[in-house]
Amino acid sequence: MATEELSKADRRYLDAASRLAMRHAGLTAENPSVGCLIVSEGRVVGRGVTGRGGRPHAERVALDEARASAWGATVYVTLEPCAHHGRTPPCADALVAAGVARIVIGTTDPDPRVDGRGLDILRSGNVDVAVSRHATQPNAIEGFLSRMGRGLPFVTLKLAVSGDGFIGRAGEGQIAISGAVANRQTHLLRMRSDLVAVGVGTVLADDPLLTVRLDGLSTRSPARLVVDPGLRTSLASRLAATACDVPLLIATNDPDGASASAMRAKCVEPLRLAADETSLRELLRSLSGRGIGSILCEGGGRLALSLLADELVDRLILIRSPKRIGGSGIVLPNLHPYLGSFHATRRLCFGDDLWLEYDRKVR
């Protein structure tokens with residue numbers, strides 16, 4: 001599919017549509033959170049983001065706001081408009097019927113029900129179509145694109161590291177390494193993810209909740225996953241105790257045993273984890289089949305290295321804190337063998353903490 005270099009104004013509006021899409025990231029079920037702006041004579045006349053649960057689509061929301069002002073306007077949308085009949089007719093048809101003159105699209109849709117058909121409908125309706133050559137940031141649809149294109153969720157691995165190179169302190173439970181500002185950013189990451197994952201070692205050491213604890217956003221907590229081959233997670237853990245309120249999945253080698261049955265009685269859902277070297281990839285593929293597009297992995301070290309070794313990490317986030325732990329600290333895993341597969345994308349300061357992001361190089 002041909003792409004093109006956009007004007008500064010086009011890029012500005014498309015970036016704004018991408019930021020708008022972030023409002024519902026993590027809330028649109030298996031559908032992507034898409035942003036849409038309708039611009040007429042330099043003025044935004046319609047705004048839309050995919051509704052909670054995946055409906056209505058962003059284009060419909062923007063058209064409803066723009067009404068007659070959509071005639072002759074330019075549409076900026078982060079994903080190719082749908083071309084298939086679902087609960088509503090195709091958005092591409094609705095845009096043509098509204099009389100828009102031009103549409104600028106962030107990326108085409110790999111869903112086989114669309115995959116260029118939306119562009120064909122628009123062009124057949126005499127709409128001028130431009131597809132961006134560059135991805136916009138932030139990107140609320142990367143999980144959807146990964147799930148559709150590779151059959152795997154988009155995995156973000158986040159590790160907080162102390163000034164003396166530790167990710168925790170052995171035997172002393174949960175310990176705050178990063179500061180308050182960086183912690184809030186982590187909660188925003190959780191909020192925008194479909195799933196938060198940890199290894200059983202983190203559960204045993206820290207007894208985490210893995211929920212979103214930001215004022216006014218506590219209902220935005222995603223499902224939680226523990227990778228626990230031997231099913232060592234306790235029913236008395238905070239994760240299990242809150243499983244009826246916030247979904248908890250546990251990946252284990254024996255999802256049909258007595259311990260797993262006891263977990264089910266407490267609202268926990270056991271998942272099968274293969275007892276071989278393909279276990280994590282198969283687990284992620286099965287989660288993708290359930291509509292999970294984005295996973296935030298928050299440790300620990302063993303799970304982090306396994307994901308990196310299996311080339312399952314798409315984004316690596318390191319939070320480097322000046323705080324020193326000392327004593328019997330848990331050492332940061334050796335990431336150097338894997339960093340060559342990533343390139344640095346963001347470097348931010350949150351309080352005293354340095355926030356570093358690395359994206360996997362194009363596969």
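This is a short tour of a sheet, a helix packed on it, and a pocket, in a predicted model.

**The sheet.** Select S11, S10, S9, S8, S12, S6, S13, S16 and S15, in that order. These 9 strands form an open sheet with mixed pairing. Now look at the edges. Strand S11 (268–272) and strand S15 (342–350) stand there, each with a single partner strand, so one side of each has no neighbour in the sheet. Neighbouring strands are turned by 20° against each other on average, direction ignored.

**One strand pair.** Stay with S15 and add strand S16 (residues 353–360). The two pair in the antiparallel sense over 8 bridges. Pick Arg347 and look across to S16: Leu356 stands opposite.

**A helix on the sheet.** Next, select H10, residues 279–289. Helix H10 packs on the sheet and touches S6, S8, strand S9 (223–227), strand S10 (248–252), S11 and strand S12 (294–297). The direction of H10 makes about 160° with that of S9.

**The second largest pocket.** Which residues lie nearest its centre? Select Thr202, Asp206, Glu298, Gly299 and Gly300 to see them. The second largest pocket holds about 1200 Å³ of space, and 50 residues line it. By class, the lining has 21 nonpolar, 17 polar and 12 charged residues.

Now colour the elements around this pocket. Helix H7 (200–206) is among those that supply at least two lining residues, and H7 gives the largest share, 5 residues. Other elements that supply at least two include strand S7 (166–169), helix H6 (180–191) and helix H11 (301–309). S6, S8 and H10, already visited, also supply at least two residues each.

Conventions:
Residues numbered from 1 in each chain as written. Predicted model: local features only at pLDDT ≥ 70, side-chain atom pairs only at ≥ 80, totals over all residues. Heavy atoms only, no water. 1 Å grid on protein atoms, 1.4 Å probe; cavity = no way out; pocket = protein on both sides within 12 Å on 5 of 7 lines; lining within 4 Å. Points joined across faces, edges and corners; volume = space filled by probe spheres on them. Helix = DSSP H or I, 4+ residues; strand = E, 2+ residues; numbered from the N terminus. Nonpolar A, V, L, I, M, F, W, Y, C, P; charged D, E, K, R; others polar. Pairing = 2+ DSSP bridges. Axes fitted to C-alpha atoms, helices over the stretch in contact; angles between N-to-C directions. Contact = heavy atoms within 4.5 Å.
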